Structures are given as structure tokens and as C-alpha cells.
Amino acid sequence: MPLVRLSNVGKVYRSLTGDDYTAVQDFNLDIEQGEFICLLGTSGCGKTTILNMVAGFEHATNGVIEIAGRAIDGPGADRGVVFQGDDSLYGWLSAIGNIEFGLKMRGVPKAVRRVQAKRYLEMVGLTGQEHKHPTELSGGMKQRIQIARVLANEPQMLLMDEPFAALDAHTRAAMQSELLRIWRATSKTVLFITHDIDEAIILATKIGVMHAGPASKLKSVIDVTLTAAERDRTHDRFVSTYREVHTIMRDEVAIAMQRTH
Amino acid sequence: MFQTLGRLSGYLFGFASLFLVWHIASAYLLRSVLFPQPAKVFATALELTLDGTLGQHVGVSLGRIFVGFVGGSLIGIPIGLSIGSFGIVRRLLEPYTEFLRFIPATALITMAVIWFGIGEGSKIFLIIYTTVFIVIINTAAGVSAVAPNKIRAARSLGASRGQIFLHVALPATMPFILTGMRLAMANSFVTIVAAELVAANAGLGKMIWDARLYMLVDHIFVALLVLGFMGFIADRLFRWGIYAFAGRFQPVT
């Protein structure tokens, strides 16, 4: 049985004028334990809507989303969310305070949660920065805190909504390899949203390409079989995978451009 | 260290130039018994301090401001929090806050005196009144300004509704609460003088009013000077307190 199953999921938004907007329709996806799935799509294709529904922030209008066989009904500590921006961090808490927040809320004693938080602080490479507040840290470091905060809570899976999109190219590349290293070390299941083909190929074990919105669904699912060494932008197998994904994406990009420009 | 020294000397020069301008204006430009020179005002201030009158008036006014300001904040913060948190409370209470905040405390002085007498009651009522709405409005605005992702993150990390309020919404709102209190403090100074001018047994406003009867212009200037300094110091103390005890809340200055 897959860890997460989305069956015929649909999401309809009602606008103030009373018109319905169908963001997602008939969306089906199984996420297996330990998989790293990238949902790849153009802007406005509803990929964040999917993530928000799995996170439990939004309810599906149609269909069912299950985790470990139970229907999702609201957010839970079993699904840790890493957001794109830094506005989810708590500015009044230090780095370590942010990382141990979930443990504190769940009643883990101070000594225990300190040790746990320190472990993940180290894992994301922030040793020595634990007493700094988010405003004193760079964009990349803030995303590291978000990742450590989620990992310290030991969720069943990670939901990541374009977490590196706001970073500069070099920081982004560094964060991608860091994330891969952490994923290999923790073997967590990851659902990762991106619009960047490169990023998807570097990270994913499976890429789900979405149709352009509205009423979007999965267009195709590609298994990425590249080894760690082959996940390099200049490697031949990387390039051929890129060409494959790009061919699938091209029409959707054209549709999205026509709609918005 | 050098920064502190620099800031202090900046203030000192600023104040020195203020008194210099005043001295030049009163000694050379507008020579009149109705516009006393700083030296004369300082002499009077010293005299009034030594005989205890100034201290008594300052003490009375400050005491009223303190009680009313603290009381108004204690009433305003929980109301502001619930207006910001619950739509139903907002709809119920907004007619009160949006209506009453446009009626200045000074317009209520006569009513307050009729209801509560010319003693402490009317003054404290007016300071509470002038404090409470600005604190409510800032607090409520602060609650609605909390980034939704902060709440979402907390829910995904396993926090309950109560925990989200206590550990996310409240600290995220602190800068707004403190800013509201700082504005309320300035309002309190305006209101207390007006109230004491109209009806009081003591206080800086009463001192100004009495001096007017005997044309003691220098006494009036002493009161004005003291008000300026008191306001300045109270505001600095408040800001210093915020940085010392709540610096991590990054006050909106």
C-alpha cells in the first residue's frame, strides 16, 4: 500500500463574483514510502493546491486523499511542511527555538528536545548559529532552519513548496545537494513542488508533470533512474532525461504563456 | 559605547540649540514680559522645585497617567486580541470602537467631571478612555497581520489552537501592541493636561490654569518645559524597556 494515495482529487474555488474556478480535476497519484516525488508544472497549474490539500490546509472538493490508509482531515505532525518564503519562521525565537518548536508543542521535555534539535541543527549545517534569530541569517540559512524544524519533529513525510525558488542560483544548487544528502540519511518520503526541470531531475526519484491549468491533472509520471553521480547538469544521462521531460512540458508552457500574456 | 556617546551628545546639542533659539528670540527678537527668557524660567523652576509645588503637581499628573495608561492597556489588549481573532467579536465590537475612537477624550471632560467628580475618578476615566481604543485598534491590526504561514507551520508541527494563540499569535502581535501603547502614552499626556485645565485640585494643568489667573507667565513656561521633558523621558523609557525586555519582538518604531 502506498504511503499517500490521491484518488480522483478535485478542487474548485468559488470567487467573490460567484464564478467557479476549477484548479485541479481528477488528480490521481500514489506516493510510496521513501520516494522523492517532484510535482513539476507551470505557474498556476495547481501544484501548490495539491500540496496544500495533502498538508490539510485546504479540503479537496472531490475525491479522497489518504495517508497510511486514513483520509486526511486537516494538518498534522505526520506531514511536515517547508514553505517557499521565510515568513513561516518565528522571528522572536532563535534558530534552535524554531527547530524545537514542534517538540515543545507536543510536550517533549526541554532536555530531550534540545538534544534532538541540536542533532538536526548539525544535520542541516547550522552548528554554531543556534542562538541567532532568523533576521540575522541569510535566505539559505533560513530555509535550513525550516528543514531542520520539520525534521526534528520526525514526520512521516516532508511537503516542500518550492523551498529554494527565492534563493540565488548558487545557494539553490548548494541547498539541492544538501537536501539530497539529508534525504539519503533520513530516507523520508518527500513531495516537492517545483517549476524547474533541472531541480526536479536533480532531486526526484519520480517526476509528476502536470497539465497547465485550469482543471489540471497529471500529464505523465517519469521514473528518474539516475545514479547520484549522474545527477549532474553536464552528464549525458541528465541531458537526455532533461530532453524527455522538456518535451512533455513544452506544450503546457505554451498553453500557460498564451493564457497569461 | 561610542554609538551611545554619539547619540547622547547629539541629544545634548539638540536641546542646547533649542534653548539658544529660545534665548535669542526672547532676549532680542520678541522682548516682552509675556515671553520669559530661559534663565528666568529655570530660576522659577528651581524655586518651585525647592518649595515642593512642582514636585507635587508632577507627581499628581504622572500618577494619573500611570494608572490610566496601565488600566487602559490591560483592558485594551485582550479586547484587541479577541477582535483580531474572532470575526463575530469584530462585528459585535467594531461599532463601539469605530464610533467611540472618533470622540476625543477632551470632548468627554465635562461629562467625566459630572459623572466622576473633579478628583481622581474623572482623570483616570479619561486616560483609560484615551488609551483603550488606540491599543485595541493596534492589537487587532497586529493579529490580522500575522502571516498565515506562521499559523499553518504551527498546525503542521502539531500545535493546538490554544498553543497557536499563546506561542504564535500573541508573540507575533507584540510589536503592534507595544506600538499602540506608545501612541497611547502620547495621547495620555494631551488628555491629562486638558482635563486638569478644566477641573482639578492639582496637577500640571491646574498649575498652568492657576498661573494664568495671576499672569505668572514663567510658571506656565515651567509647566510646559516639564511636560516636554516628561513626555520625552517617558517615551525613551518605554522604548528602552521594549528593547531591554522585548527586543526580540522588534518593535515598530
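This report describes the predicted model of chains A and B, moving from whole chains to single residues.

## Chain B as a whole

The secondary structure of chain B consists of 10 helices and 0 strands. Read along the sequence, the order of elements is therefore written α-α-α-α-α-α-α-α-α-α, where each α stands for a helix as numbered from the N terminus. The C-alpha trace of chain B spans about 70 × 55 × 30 Å along its principal axes. Chain B has 253 residues, and 36% of them count as buried. Among contacts in chain B that join residues at least 6 apart in sequence, 74% link residues at least 24 apart.

## Domains of the two chains

Both chains have a domain assignment, and the table sets out the bounds and the distances between centres, taken over C-alpha atoms.

| Chain | Domain 1 | Domain 2 | Distance between domain centres |
|---|---|---|---|
| Chain A | residues 4-78 + 157-260 | residues 89-154 | 26 Å |
| Chain B | residues 1-31 | residues 36-249 | 28 Å |

In chain A, domain 1 is written as two stretches of sequence, 4-78 and 157-260. The contact between the domains of chain A involves 11 residues of domain 1 and 11 residues of domain 2. On the domain 1 side of this contact, helix α6 (residues 169-186) of chain A gives the most, with 5 residues. By class, that side has 8 nonpolar, 2 polar and 1 charged residues.

## Where the chains meet

The contact between the chains takes 20 residues from chain A and 16 residues from chain B. On the chain B side, the elements that give two or more residues are α7 (148-156) and α8 (161-198). The largest share of that side, 6 residues, comes from α7(B). The chain B side divides into 7 nonpolar, 5 polar and 4 charged residues.

## The largest nonpolar core

In soluble globular proteins, nonpolar side chains tend to be buried together. The largest nonpolar core of this model has 129 residues, of which Val54(A), Ala148(A) and Leu191(A) touch the most other members. Helix α6 (residues 120-144) of chain B supplies the largest share of this core, with 14 residues. Leaving aside residues up to four places away in sequence, Leu191(A) touches Ile31(A), Ile37(A), Leu39(A), Leu51(A), Val54(A), Met157(A) and Leu159(A). Val54(A) thus appears in the list of residues that Leu191(A) touches, and Val54(A) is also named with Leu191(A) among the core members with the most contacts to other members.

## Helix α4 of chain A

Helix α4 of chain A covers residues 110-123 and has 14 residues. From its first C-alpha to its last, α4(A) reaches 20 Å, close to the 20 Å expected at 1.5 Å a residue. Its buried residues are Arg113(A), Ala117(A), Tyr120(A) and Leu121(A). These residues lie on the same side of α4(A), because they cover an arc of only 105 degrees around the axis. They pack against α2 (95-99), α3 (101-105) and α5 (139-152) of chain A. The face of α4(A) turned away from the buried side carries the exposed residues Ala111(A), Val112(A) and Val115(A). Just after α4(A), Gly125(A) takes a positive phi of about 75 degrees.

## Individual loop residues

Two residues other than glycine also have a positive phi. Ala68(A), in the loop between β4 (62-67) and β5 (70-71) of chain A, has a phi of about 50 degrees. Ala68(A) counts as partly exposed because 13 other C-beta atoms lie within 10 Å, and a residue is exposed with 12 or fewer. Met215(B), in the loop between α9 (204-213) and α10 (217-246) of chain B, has a phi near 55 degrees. Met215(B) counts as exposed because it has 11 C-beta neighbours inside 10 Å.

Leu167(A) lies in the loop between β7 (157-161) and α6 of chain A. Leu167(A) has 19 C-beta neighbours inside 10 Å and therefore counts as partly exposed, since a buried residue needs 20 or more. Apart from neighbours within four places in sequence, Leu167(A) is in contact with Gly139(A), Gly140(A), Gln143(A), Arg172(A) and Met175(A). Leu167(A) and Ser220(A) are 53 residues apart in sequence, and 28 Å separate them in space, C-alpha to C-alpha.

Methods. Residues numbered from 1 in each chain as written. Chains lettered and ligands numbered in written order. Predicted model: local features only at pLDDT ≥ 70, side-chain atom pairs only at ≥ 80, totals over all residues. Contact = placed C-beta atoms within 7 Å. Helix = DSSP H or I, 4+ residues; strand = E, 2+ residues; numbered from the N terminus. Nonpolar A, V, L, I, M, F, W, Y, C, P; charged D, E, K, R; others polar. Domains from an automatic or database assignment. Core = buried A, V, L, I, M, F, W, Y, C linked by C-beta atoms within 7 Å. Expected span 1.5 Å × (residues − 1). Arc of directions from axis to C-beta.
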